[in-house]
Amino acid sequence: MGILLFVLISYLLLCLTLAPLFRRAGSDPKKAWIPGVNFGEWAEIIGRKKRYAWWLLFPIVNIFIYAGMAVDMARAFGKLSFWDAVLAVVYTPLSFYLIDKQNRTYQGKIVQLEQDYNTQIKNAQLAGDNLKVQRLTNKNPYRKSPSREWAESLIFAIFAAAFIRMFLIEAFIIPTSSMEGSLKVGDFLFVSKVNYGIRTPMTVAMVPLLHNRIGFLNSESYLEEPSLPYFRLPALEKINRYDNVVFNYPEGDSVVITPGRTFSVYDLRRRGMLNQVDPNAIVSRPMDKMDHYIKRTIGLPGEDLEIKEGTVFIDGKAIKNPEETQFTYRVTSSMGSINVNTLDKIGVDINDHPRASEHYYNLSKDAVEAITNLGNDIEVTYVPPSQIGTALFPHDEDICSDWTVDDYGPIHIPEKGETLALDPSNISMYQRVIQEYEGNKLEIKNDQIYINGSPATEYTFKQDYFWMMGDNRHNSEDSRFWGFVPHTHVVGKPLFIWMSLKNSKLSDGIRWNRIFMSANKK
């Protein structure tokens with residue numbers, strides 16, 4: 001609703017400032033208020049066919065068409081400078097208001113005038129009339145200086161790149177081993193923002209082409225205000241089980257940034273470490289500026305999920321683990337030593353596990369088989385995870401005190417429109433969903449739940465939620481630790497790997513066999 005109000009107000013301001021320009025150009029100012037007609041009339045005033053305005057109906061293309069029409073309208077009233085063009089694009093109603101306020105005279109159909117002038121120069125060149133060419137060139141009112149040509153080209157390139165990154169495709173790098181072995185540290189991915197529905201930007205004031213940090217300044221790359229409300233265009237496809245998905249880290253709205261990594265304030269509070277943090281070091285982030293994570297979709301909206309001995313059960317039925325799923329194993333040899341170079345050659349990340357020096361590794365089923373086949377002296381032993389308990393979501397001792405990453409649940413994943421009964425025994429599962437992701441005020445007083453000030457025994461969810469897990473099951477911070485991923489936080493679908501550097505270092509070599517590999521293997 002908020003974004004519709006914003007669009008409506010912007011449109012009304014545009015019509016309001018178009019009307020006097022229509023009058024100055026000899027057109028009926030009433031046409032400025034008629035949807036569709038106004039843009040056709042605008043196109044004709046600047047010297048284009050009325051049907052040119054039909055391009056405004058095509059998403060993405062319309063942004064460039066609109067910018068061009070705004071600049072040409074300013075030029076049609078003698079506003080030819082670089083900054084006149086910038087203002088026309090950045091805030092068109094203000095540009096048009098100033099044209100009328102300054103009592104500017106309509107110069108004519110600028111696109112045709114410029115074309116006619118360039119035709120004169122071309123005809124003089126063909127006739128060999130160098131004097132006329134020089135005279136026309138020197139007096140050319142449409143000529144731009146070399147510096148302006150460079151500036152406009154640079155701005156357009158940055159704008160186009162930022163636009164593509166914002167709405168269509170963005171490049172990502174895999175920074176951690178949580179998705180090993182399907183996605184490796186140092187894999188560079190292209191991610192489509194179209195497949196699951198383009199999410200329009202919420203943060204308006206930001207440095208183009210940066211996500212949330214200016215590294216050399218050690219500061220955020222955006223301002224939280226002004227901002228736009230959440231809005232998403234229709235999706236091309238649904239999120240299916242086993243899909244890899246890029247999303248904004250759900251607990252990333254309040255973080256502490258250190259040279260090594262970014263910590264969630266909620267996680268630090270659970271560990272009892274928040275009192276060690278300088279309050280001035282805490283950074284709040286809007287949704288679209290939260291850190292990006294990539295995980296595999298394991299649980300879908302409306303499903304019951306449980307993990308038993310590392311196997312995921314959905315609605316009581318075991319599902320197949322993804323092909324490259326890894327668990328922790330210890331590799332030993334009766335001969336006493338293990339050749340780590342041999343393990344490296346068969347694709348084992350020999351540095352991933354914190355106890356790698358003791359020959360603990362995260363291995364897939366195929367890797368276990370390959371290592372076992374190295375010789376009869378080799379023994380590969382599964383290492384079960386330690387008891388983690390309340391470090392796991394929902395961090396409630398009454399619910400998950402004996403849960404581990406291998407034996408977890410059951411837990412129900414909320415679905416849009418679904419109504420669930422609430423009571424003190426399950427509110428910890430859904431408190432953050434109701435309060436943070438769906439924007440309600442939730443309080444618990446004397447074992448009674450209050451939502452927006454009213455007693456509540458049930459709740460109807462406003463959006464879908466997903467359960468995301470890493471393929472490296474014993475080395476992944478995922479939904480088992482911080483819970484559900486709201487649909488609002490979904491960014492896009494990985495397409496393919498366009499570059500892969502071993503250990504994220506060019507000096508360590510390129511994994512040529514991974515280039516152009518699908519980033520969504522199941």
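**Notebook: one chain, a strand trio and a serine**

I began with burial: 46% of the 522 residues of the protein chain count as buried. A reminder to myself that this is a predicted model.

**Entry 1: the whole chain**

I looked up the secondary structure and found 14 helices and 24 strands in the protein chain. The C-alpha trace spans about 95 × 65 × 45 Å along its principal axes. Next I checked how far contacts reach along the sequence. Of the contacts between residues at least 6 apart, 66% join residues at least 24 apart.

For the surface, I noted an accessible area of about 27200 Å², with 57% of that belonging to carbon and sulfur atoms. I also looked at charge: the chain has 57 positive and 59 negative charges, and their mean positions lie 13 Å apart.

**Entry 2: strands S18, S19 and S20**

I then turned to S19, which covers residues 448-451. Which of its side chains are buried? Ile449 and Ile451 are, and they point to one face of the strand. Gln448 and Tyr450 point to the other face and are not buried, so I noted an alternating pattern, with "buried" meaning under 20% relative accessible area.

On one side of the pairing list I found S18 (residues 442-445), which runs antiparallel to S19 and is joined to it by four bridges. Isoleucine 444 has isoleucine 449 as its bridge partner in S19. Two residues sit between the strands of this hairpin, and asparagine 446 takes a positive phi near 55° there.

S19 also pairs with S20 (residues 454-455), again in the antiparallel sense, over two bridges. Here isoleucine 451 is matched with serine 454. This hairpin too has two residues between its strands, and asparagine 452 in the turn has a positive phi of about 55°. Ile451 is thus on my list twice, as a buried side chain and as a bridge partner of serine 454.

**Entry 3: serine 476**

My last stop was serine 476, in the loop between strand S22 (465-469) and helix H14 (479-482). Buried or exposed, I asked of serine 476? It counts as buried because its relative accessibility is 5%, and the cut-off for buried is under 20%.

What does serine 476 touch, leaving aside neighbours within four places in sequence? I found Ser178, Lys295, Gly470 and Phe481. Serine 178 is 298 residues away along the chain, yet the two C-alpha atoms are separated by 4.5 Å. With lysine 295, the side chain of serine 476 makes a polar contact of 3.2 Å.

Notes: Residues are numbered from 1 along each chain as its sequence is written. This is a predicted model: local features need pLDDT of at least 70, side-chain atom pairs count only at pLDDT 80 or more; totals for chains, interfaces and linings use all residues. Side-chain values use heavy atoms; hydrogens and water are left out. Buried means under 20% relative accessible area, exposed over 50%, partly exposed in between (1.4 Å probe, protein chains only). Contact means heavy atoms within 4.5 Å. Accessible areas come from the Shrake-Rupley method with a 1.4 Å probe; for residues, only the protein chains shown count as cover. Lys and Arg count as positive and Asp and Glu as negative; His and the chain ends are not counted. The place of a charge is taken as NZ of Lys, CZ of Arg, CG of Asp or CD of Glu. Two strands pair if DSSP finds at least two bridges between them. A polar contact is a pair of N or O atoms within 3.5 Å; within protein, one must be able to donate a hydrogen and the other to accept it, and residues adjacent in sequence count only if both atoms are side-chain atoms.
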